[in-house]
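Colleague: I am new to this structure and would love a close look at a single part. Could you choose one helix, walk me along it, and then show me what lies around it?

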Amino acid sequence: MSSIASTAGIVSFEQARRLVEVHAVGVSPAQAESVELLDGLGRVLAEEIVADRDFPPFDRATRDGYAVRAADLAKIPARLEIVGEVKAGDWPEPSSCTVRPGQAVGIMTGASLPTGADAVVMVEHTASAAQEFHPDPAQNATSGWSPLAGRFVEIQRAVAAGENFVPRGTEARAAQLLLNRGRRLDHAAIAIAASVGKSRVPVFRKPRVAVLSTGDEVVEIDATPRPAQIRNSNSYSLAAQVSAAGAEPVRLAIAPDERRRLRVLIEEGLECDLLLLTGGVSMGKYDLVEQVLGQLKAEFYFTGAQIQPGKPVVFGSCGAGALARVPSTNSPSARERPPAPPKKYFFGLPGNPVSTMVTFELFARPMIEALAGMTPQPLLFLRARLKSEIRTKTGLKRFLPAVLSGEFENAEVELARWQGSGDIAALARANCYVVIPPDRERIEAGEWVPLLMR
Ligand code: AMP
Ligand code: MG
């Protein structure tokens, strides 16, 4: 075991996650750029977005029916004179469209409440009262509902003032903050940006994340593997996870289990904003990743976490000193020296493909999100009822591939059958991980268990 591993140590899952979060808070995102609104999907806002006017911009009806004065409905049924109609997009000028005592105006969902009205009665709670008030049947032809079917409407149910419309500015006032800087743009955020007229949005440039797979047995995916070789699936799963987390993956060549070449590739990876390594972090004789990082004066924050899968996971950084290019001649004095490059973080993820994927989600993702400019998000576990009993050993927090199934309120979760951390097929069948605390040996069917979606 390397001396590094013994100094940095193995920490609990929660300690490991906190350590990443603490470091993630200190990183600065790249510069901003402006992109077309839809190209902003999945990107992180570099500036806040504020309301350009009141929302809603007018008292907006939320039902089809009649705009009324609630006080007119003290006695039900009530008959009101119809004095107009407002449809969505109409602006009811007070001079021509005002609701006075005893009157109503036909109104459609999304239309502006006319002056004098303080509520909307749903059309379902009204009936045409034309026959009683208009002797001329030609004026009262009522087939189905039309707000101007007759000159009078019978209101069958009372409403309180304020019902069935949203007053101007109650969702947001002009200039009010709608989206924070650091917010990742999803469809709801895109809707907000669109509603305030942002056809382009300011977003952070994507951080570049180097992906470096290690192992003498690992070959490129288009090679024909010899009997004991395996194809490099990790670089691809990681690149996919990096993209999904909002960064740009940079896949490096496969590093053999050989110090010199590994060091060259690690140095290449450290030119990116973050370096993800896979493999070579366990206890084997040829697990050289930590040793080579040690040669590069890396600082290690943890060299293992009490989890399964993924126990050998490593987190650290190469400081400015290790990365600065040493000038060969006429070394300038400390004062004249250009600013040191920022320190670069790295994760050494275990090579077993399921361990690689799980440890990425648990530890690498928050760092990538921070580099992408996102406000750090807590790791959220959902809960579901366990379908069949789980027996396991104590000591590690486990994130076991599982299948959440059922429909509507009847979701239940069960472990996927798997052959351990190398079983990608089991992970592909799974849609979540059941989280088992380190002190549990047996969890009975029917118990509510925490789970992490994937
Ligand atoms: P290691 O962490 O290097 O001890 O590797 C653990 C296991 O993961 C071994 O069975 C490796 O063959 C496998 N493995 C390592 N790297 C990769 C990779 N890039 N793609 C797929 N499997 C890998
Ligand atoms: Mg290896």
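Modeller: Happy to! Helices here are DSSP runs of H or I with at least four residues, strands are DSSP runs of E with at least two, and both are numbered from the N terminus. This is a predicted model, in which local features need pLDDT of at least 70 and side-chain atom pairs count only at pLDDT 80 or more, while totals for chains, interfaces and linings use all residues. Residues are numbered from 1 along each chain as its sequence is written, chains are lettered from A and ligands numbered from 1 in the order in which they are written, and side-chain values use heavy atoms, with hydrogens and water left out.

By that rule the protein has 10 helices and 30 strands. Let us take helix α5, which covers residues 234-244. Its buried residues (buried means under 20% relative accessible area, exposed over 50%, partly exposed in between, with a 1.4 Å probe and protein chains only) are Asn 234, Ser 235, Ser 237, Leu 238, Ala 239, Gln 241 and Val 242. A general point helps in reading such a list: an α-helix has 3.6 residues a turn, so residues three or four places apart point the same way. Across the protein, buried residues make up 45% of the 454 residues.

What do the buried residues of α5 pack against? Contact means heavy atoms within 4.5 Å, and the partners are the strands β14 (208-213), β17 (248-251), β18 (274-278) and β23 (344-349), together with helix α9. Just after α5 comes Gly 246, with a positive phi of about 100 degrees.

Helix α9 spans residues 353-371, and Glu 369 lies in it. Is Glu 369 buried or exposed? Glu 369 counts as buried because its relative accessible area is 10%. Leaving out residues up to four places away in sequence, Glu 369 touches Ala 245 and Met 374.

Links between distant parts of the chain are a feature of the protein as a whole. Among contacts between residues at least 6 apart in sequence, 75% join residues at least 24 apart.

Now for ligand 1. A residue is near a molecule if one of its heavy atoms lies within 4 Å of it, and the rule for a strand is the same. There are 17 residues around ligand 1, and Glu 217, Ile 230, Asn 232, Gly 280 and Gly 351 come nearest. By class, this shell has three nonpolar, 11 polar and three charged residues; Ala, Val, Leu, Ile, Met, Phe, Trp, Tyr, Cys and Pro count as nonpolar, Asp, Glu, Lys and Arg as charged, and the others, Gly among them, as polar.

Ser 213, the end of the β14 range 208-213, has a polar side-chain atom 3.3 Å from a nitrogen atom of ligand 1. Glu 217 places a polar side-chain atom 2.6 Å from an oxygen atom of the ligand, and a polar backbone atom of Gly 351 is 2.9 Å from a ligand oxygen atom. Taken alone, ligand 1 exposes 490 Å², and the protein buries 78% of that; such areas come from the Shrake-Rupley method with a 1.4 Å probe, and for residues only the protein chains shown count as cover.

How values were computed: Polar contact = N/O pair within 3.5 Å; in protein donor to acceptor, adjacent residues only side chain to side chain.
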